[in-house]
Amino acid sequence: MIKALAPITTTDLARDLATLGIDLIRKAGCEYGDIRICTYRNQNLTARDRSLSQLCDNVSSGFGVRVLLKGAWGFAASPYKTPEEVERMVALAVEIAKGSRLS
């Protein structure tokens, strides 16, 4: 029997990336942390004298990681939604929190 595999959806990818991010935040010993994965769509229309003169449709996406480590906040963000980038941004947010604590 041959089974067709369902393609990975955006929701599945976001859930997997969020789970990875939260696991890494916990392993870093943070008191608090969150990861927000977002997609934004911007549409602009310009009309003059009953005719459309300009139409813009832009989509952007990415994620941000916020952590609280020993009373200091750290934040990092990226437009690249990959497991490697989540690891890098969590590590960067933790380093920023450590640096914020020193100041």
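**Close-ups of a predicted model**

**View 1. Leucine 55 and its patch.** Leucine 55 sits in strand 2, which covers residues 51-69; strands (E, at least two residues) and helices (H or I, at least four) are DSSP runs, numbered from the N terminus. This is a predicted model, where local features need pLDDT of at least 70, side-chain atom pairs count only at pLDDT 80 or more, and totals for chains, interfaces and linings use all residues. Residues are numbered from 1 along each chain as its sequence is written, and side-chain values use heavy atoms, leaving out hydrogens and water. Is leucine 55 buried or exposed? With a relative accessible area of 58%, leucine 55 is exposed (over 50%; buried is under 20%, partly exposed in between, with a 1.4 Å probe and protein chains only).

**View 2. The sheet.** Here's an open sheet of 3 strands, ordered 1-2-3 and paired antiparallel (two strands pair if DSSP finds at least two bridges between them). Strand 1 (32-48) and strand 3 (72-78) are the edge strands, each pairing on one side only. On average, neighbouring strands are turned by 25° against each other, direction ignored.

**View 3. Strand 1 meets strand 2.** How many bridges join strand 1 to strand 2? There are 17, and the two strands run antiparallel. Tyrosine 32 has leucine 68 in strand 2 as its bridge partner.

**View 4. A helix on the sheet.** Helix 1 (residues 10-27) packs on the sheet and touches strand 1 and strand 2 (contact means heavy atoms within 4.5 Å). The direction of helix 1 makes about 140° with that of strand 1; axes are lines fitted to C-alpha atoms, for helices over the stretch in contact, and angles run from 0 to 180 degrees between N-to-C directions.
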